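Visitor: I'd like a close look at a single part of this model, please. Could you pick one spot in a helix and then work outwards from there, taking your time?

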Amino acid sequence: MNETAEAVVIGGGVVGSAIAYGLARRGVKPLVLDEGDDAIRSSRVNFGLVWLLGKGDGMPAYGFWTRRSADLWPEFARELKDFTGVETHYVKSGGVSYCLGEAEYGTRTEIITRMREQAENDPYEARMIDRGELIDLMPRVKFGPEVLGASYGPHDGHVSPLNLLHALHAGMKRHGAAYRPLTPALEVRPLAAGGFEIRTPKGIIATPKVVLAAGHGINPLERQLGFDVEVLAERGQILVTERMAPIGLLPANGVRQTAEGTFLIGTTNEEVGYDTSTTPRAGAAMVRRAIRVIPALAHARIVRTWAGLRTLTKDECPVYEESSQYPGAFLATCHSGVTLAAIHASDLADAICEGRLGANIEPFHSRRLKDQ
Amino acid sequence: MTRETVTVYVDGKPVSVGAGESAAAAALHAGLSYTRTSPVTDEKRAPYCMMGVCFECLMVIDGVPSRQACMVKVAAGMRIERQIGARELG
Ligand SMILES: Cc1cc2nc3c(=O)[nH]c(=O)nc-3n(C[C@H](O)[C@H](O)[C@H](O)COP(=O)(O)OP(=O)(O)OC[C@H]3O[C@@H](n4cnc5c(N)ncnc54)[C@H](O)[C@@H]3O)c2cc1C
Ligand code: FES
């Protein structure tokens, strides 16, 4: 079957879906191509943090971009809830990164200070807090004796990543987007007269605008559109406990309690290619650390573990760009698609809609990676 | 036909079940119409897949909470109890 679409988004993960949602909200009705349940999809296996701490070390523009997304999140979550009925469980709770012992406290203090100095207007507003302040923030949590303090970011928060994806899919469809699972783009052909033809197993789609947001599916397709960005895989393992009564825990990068009561414990940073297996050794190490933070976690039962593959660029910052060779073709990929969902649905989708990535998006062009 | 049986205690009540059966099967034998309540919705739940994938069968077995009852083989004297609501971390 051959058809035409106002725009085609390749990839129905949290990045492609947020962009498609934003486009559809503005009246451009995209067709979203996606694979099936056997695909590599980080959007369905991540930790669910809306996180600023540590983003953009060496690239302040990324810090500000992330901060703006965090600022947009509360209204974005409300909009998704009102429009789709899906509760994303987003909370701007503030987030912490625990320091076990003097050395960790020292290193973290250095990082926070350095990032503050890099970014003139300090997008994170993060600061170090001591054990006393931690206890004030979370009076019901009993911390282990090694917890000396933490870095604390007031703009951080967390969300259910699966509900977020569900809401984006429901929302984009309701705004008029078409979603096609089990329909991978096999080939993307720029046409001499402008525009593109996309070949799928089910037919050819003609479109003036294409957004390549396929996560690990970017590498095999990008050269056809004149892009040259290497998306690297980094494995992250996560363990999840049974559901337990809420303990009033702020989200942290190693442990958070979800709205439904489970504790997520994570996560590793491993270079193992496209291998998504879990290892007892990594699981044990993550659990040991979580128990040093909150000793009572030793009594929680782990019910499942899994691993996902992050989509990384060389400097771990996002890449957004329009093809210079084939205008109308855009590429989007990032390390924190959950955090950035709110800004992808607004600022990025706006720019793609207008066909011009302006000064706020310019720093994310992949040419910066070539200079390194 | 003779078959080896064991006695387990489902919510305190003795029940005799086949030796190779699961704790979830024993709970159903005992006539429990539900085996836990959801900590999220308070709904009543019971074993569903009986093969370890759905996690609907979480029960307290020999004092250990949130065990997948369909994956635990019965043993003589085993205590199998309904799990109600969310547990406290303590
Ligand atoms: C363990 C772990 C923890 C994480 N924690 C967080 C966190 O706490 N906060 C946060 O913000 N981020 C986190 N992330 C990162 C986040 O999950 C990713 O940034 C995000 O999911 C990337 O989304 P994506 O849509 O680009 O990629 P994906 O989710 O991989 O989606 C790409 C989609 O494109 C489809 N596709 C591929 N090729 C084709 C093709 N040829 N045609 C059509 N469709 C195609 C795939 O099937 C897939 O559905 C984490 C990641 C991991 C692995
Ligand atoms: S009944 Fe499904 S996991 Fe036990």
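Guide: Sure, let's start with A:A290, which sits in helix α7 of chain A. Keep in mind that what you're looking at is a predicted model.

Is A:A290 buried or exposed? With a relative accessible area of 4%, A:A290 is buried, because anything under 20% gets that label. Setting aside residues up to four places away in sequence, A:A290 touches A:I265 and A:L297. Now find A:G254, which is 36 residues from A:A290 along the chain. In space, the C-alpha atoms of A:A290 and A:G254 are separated by 7.0 Å.

Next, slide to the loop that runs between β16 (262-266) and α7 (280-293) of chain A, where you'll find A:T279. This residue is partly exposed, because its relative accessibility is 29% and that label covers values between 20% and 50%. Leaving out residues up to four places away in sequence, A:T279 touches A:R235 and A:Q237. For a sense of distance, try A:E117: A:T279 is 162 residues from A:E117 in sequence, and their C-alpha atoms are 39 Å apart in space.

Stay in that loop between β16 and α7, because A:T267 is found there too, and the peptide bond joining A:G266 and A:T267 is cis, with omega at about -20°. That's worth pausing on, because most peptide bonds are trans.

Now go back to strand β16, the place of A:T262. A:T262 is buried, with a relative accessible area of 13%. Apart from its neighbours within four places in sequence, A:T262 is in contact with a list of residues that includes A:V240, A:T241, A:E242 and A:R243. Also on that list are A:M244, A:R256 and A:Q257.

Let's zoom out to the domains. Chain A is divided into domain 1 (3-82 + 161-230 + 315-371), domain 2 (95-154) and domain 3 (232-312). The centres of domain 2 and domain 3 of chain A, taken over C-alpha atoms, are 20 Å apart. Their contact takes 16 residues from domain 2 of chain A and 14 residues from domain 3 of chain A.

So where does ligand 1 lie? Domain 1 and domain 3 of chain A both give residues to the shell around ligand 1, so the ligand lies between those two domains. There are 38 residues around ligand 1, and the ones that come nearest are A:D34, A:E35, A:S43, A:L49 and A:T339. Sorted by class, the shell has 17 nonpolar, 17 polar and 4 charged residues. Three elements of chain A each supply at least two residues of this shell: α1 (14-25), β14 (232-243) and β17 (302-312). Of the contributors, β17(A) gives the most, with 4 residues.

You can also check some atom-to-atom distances here. A backbone N or O atom of A:V15 lies 3.0 Å from an oxygen atom of ligand 1. For A:H335, a backbone N or O atom lies 3.2 Å from an oxygen atom of the ligand. With A:S336, a polar backbone atom is 3.5 Å from an oxygen atom of ligand 1. Taken alone, ligand 1 exposes 1000 Å², and the protein buries 96% of that.

Before we finish, here are a few backbone and side-chain details elsewhere. In chain A, look at the loop between α3 (101-118) and β6 (127-130), where A:E125 is found. The phi of A:E125 is near 50°, a positive value in a residue other than glycine. That stands out, because most residues other than glycine have a negative phi. A:E125 counts as partly exposed, at 35% relative accessibility.

Chain B has a case of its own. B:M50, in the loop between β4 and β5 (58-61) of chain B, has a positive phi near 55°. B:M50 is partly exposed, with a relative accessible area of 35%.

Last stop: B:S38, in the loop between β3 (36-37) and β4 (44-45) of chain B. B:S38 is buried, with a relative accessible area of 2%. Its side chain reaches the backbone nitrogen of B:V40 at 3.0 Å. Leaving aside neighbours within four places in sequence, B:S38 is in contact with B:E43 and B:R45.

Terms used. Residues are numbered from 1 along each chain as its sequence is written. Chains are lettered from A and ligands numbered from 1 in the order in which they are written. This is a predicted model: local features need pLDDT of at least 70, side-chain atom pairs count only at pLDDT 80 or more; totals for chains, interfaces and linings use all residues. Side-chain values use heavy atoms; hydrogens and water are left out. Buried means under 20% relative accessible area, exposed over 50%, partly exposed in between (1.4 Å probe, protein chains only). Contact means heavy atoms within 4.5 Å. A residue is near a molecule or strand if one of its heavy atoms lies within 4 Å of it. A polar contact is a pair of N or O atoms within 3.5 Å; within protein, one must be able to donate a hydrogen and the other to accept it, and residues adjacent in sequence count only if both atoms are side-chain atoms. Accessible areas come from the Shrake-Rupley method with a 1.4 Å probe; for residues, only the protein chains shown count as cover. Ala, Val, Leu, Ile, Met, Phe, Trp, Tyr, Cys and Pro count as nonpolar, Asp, Glu, Lys and Arg as charged, and the others, Gly among them, as polar. Domain bounds come from an automatic or database domain assignment.
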